[in-house]
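Trainee: I would like to go through the labels used for this model and see what each of them rests on.
Mentor: Then ask about them in turn, and we will set each value against its cut-off.

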Amino acid sequence: MHQRMAYTTHLANSFEWLAAQPRNSFHAVITDPPYGVVEFDAKEIEKMRSGTGGIWRIPMEIGGSKRRPQPRFTVLSSEQRSAVETYFADWASLLMPVLVPGAHVLVATNVLLSSRVQNGIERAGFEYRGQIIRMYRGMRGGDRPKLAEEQYPDVAVSLRGGHEPWLLFRKPIEAGLRVSDNLALWGTGGLRRVQRDVPFVDVIQSERTPKVERLICDHPTIKPQSLMRPLTRLLLPLGTGTILDPFMGSGSTIAAAEAQGLDAVGVEFDPIFFEMANAGIPRLARIKPREPSRGAGAPLFEEV
Ligand SMILES: C[S@@+](CC[C@H](N)C(=O)[O-])C[C@H]1O[C@@H](n2cnc3c(N)ncnc32)[C@H](O)[C@@H]1O
């Protein structure tokens, strides 16, 4: 019988931490990594915290409400873009041995960098298994030419972002084994259906992270529980095993797993985010679905 261990968190650099883990320890990875590599460097985070720019754009106040800083990947040089692929190849090589065969890995990316992230992870030997498109109305792109907004009112310098790609990979199953063999051996290799007769669809409607969750964890890129819960559930086909988030940030993955009674391990190297996650995970895990009577436009979850 599977004995539940709940969750643990580690203040560590994901690369060093992975290198020290025993083989075949984890059954799934779901993570939202620093896909531009540099945006969570201590130097850039310091600039974000002091509001002095760097790669983090501080958006204009709209209607008196302050917007959260967002990383600008358009400022990356071609060398920095190439470094993304190497970073993910190195990271995925360290990840491979700690996963059981057939383990799925789901990685949040950005339209400008997803091909680099994908190439890097494939280079390490993972099978690419498609992507989940998270449709949501973010704040990215669509701006008029800077300092010439009035001169060119009908022009945008980029597309307005309306989705976020999550790349899905699998650690290869041993040659000669079927998915059913792997499920019996390791509990992995497949994905969990939404219901017996409903497989998970690869385009999902989502929301921006509701205020109640952002108030619990003031992380610049916290993901909503309404997204993270179905995604964590998807990755453990039999509902058993341990999920790893090696770039846990606010701990939204760990909270989503905890809310569903799934085991999880989180790693974060920034001490401020790490403390935020430890304090926030139990509260995020207690968020309950909002009652339908609250209206269609209301966030899907609320804190209880
Ligand atoms: C995009 S954020 C994750 C946000 C998270 N999904 C959430 O909902 O809060 C990436 C996180 O990874 C952390 N990070 C970046 N590089 C790391 C590394 N090498 N080891 C551990 N954590 C790292 C950053 O400090 C940041 O908090």
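Trainee: What makes α8 largely enclosed by the rest of the structure?
Mentor: This is a predicted model, and the label comes from a count within it. A residue is buried when its relative accessible area is under 20%. Six of the eight residues of α8 meet that, so the helix is called largely enclosed.

Trainee: Which residues of α8 are the buried ones?
Mentor: They are S252, T253, I254, A255, A256 and A257.

Trainee: What covers the buried residues of α8?
Mentor: The cover includes the strands β1 (7-11), β2, β9 (242-245) and β10 (263-268), together with the helices α7 and α9. Just after α8, G261 has a positive phi of about 70 degrees.

Trainee: Why is α8 called oblique to α9?
Mentor: The axes of α8 (residues 252-259) and α9 (residues 271-285) cross at roughly 40 degrees and come within 8 Å. Angles under 35 degrees would count as roughly parallel, and the roughly perpendicular class runs from 65 to 115. The crossing angle falls in neither class, so α8 is oblique to α9. The crossing is right-handed.

Trainee: Which residues make the contact of α8 with α9?
Mentor: From α8 there are S252, I254, A255, E258 and A259, and they meet I281, L284 and A285 of α9. By class, the contact has six nonpolar residues, one polar and one charged. Ala, Leu and Ile count as nonpolar and Glu as charged, while Ser falls among the polar.

Trainee: How does α7 pass α8, left-handed or right-handed?
Mentor: The crossing of α7 and α8 is right-handed. Their axes come within 8 Å and cross at roughly 65 degrees. On the α7 side the contact involves Q225, M228, R229 and T232. On the α8 side it involves S252, T253, A255, A256, A257 and A259. These residues divide into five nonpolar, four polar and one charged.

Trainee: What is the largest nonpolar core made of?
Mentor: It has 34 residues, and those with the most contacts inside it are I30, L106, I132, W166, L231, L235 and I243. Two or more residues come from each of β2 (26-31), β5 (99-108), β7 (163-170), α7 (225-235), α8 and α9. The helix α9 gives the most, with seven residues.

Trainee: What makes the core with F26 and F73 a second one?
Mentor: It is separate from the largest core; it has 33 residues, and I121 and A124 are also among them. Membership requires buried residues joined through side-chain atoms within 4.5 Å. In soluble globular proteins, nonpolar side chains tend to be buried together.

Trainee: How do you know that S14 is buried?
Mentor: Its relative accessible area is 3%, and the cut-off for buried is under 20%. S14 is therefore buried. The residue belongs to helix α1 (residues 14-19). Apart from neighbours within four places in sequence, S14 is in contact with W91, P246, F247 and V267. S14 and V267 are 253 residues apart in sequence, yet their C-alpha atoms are 6.3 Å apart.

Trainee: Why does N24 count as partly exposed and L147 as exposed?
Mentor: Exposed means over 50%, and partly exposed lies between that and the 20% limit for buried. N24 has 32% relative accessibility, so it is partly exposed. L147 has 80%, so it is exposed. N24 sits in the loop between α1 and β2, and L147 in the loop between β6 (127-135) and β7.

Trainee: What is notable about the phi of N24 and of L147?
Mentor: Most residues other than glycine have a negative phi. For N24 phi is near 55 degrees, a positive value in a non-glycine residue. For L147 phi is near 65 degrees, again positive in a residue other than glycine.

Trainee: What makes V111 partly exposed?
Mentor: Its relative accessibility is 37%, between the limits of 20% and 50%. V111 therefore counts as partly exposed. The residue lies in the loop between β5 and α4 (114-123). Leaving aside neighbours within four places in sequence, its contacts are R140, H163 and P165.

Terms used
Residues numbered from 1 in each chain as written. Heavy atoms only, no water. Axes fitted to C-alpha atoms, helices over the stretch in contact; angles between N-to-C directions. Helix = DSSP H or I, 4+ residues; strand = E, 2+ residues; numbered from the N terminus. Parallel < 35°, antiparallel > 145°, perpendicular 65-115°, else oblique. Left-handed = near helix turned anticlockwise from the far one by under 90°. Contact = heavy atoms within 4.5 Å. Buried < 20%, exposed > 50% of the residue type's maximum accessible area, 1.4 Å probe, protein only.
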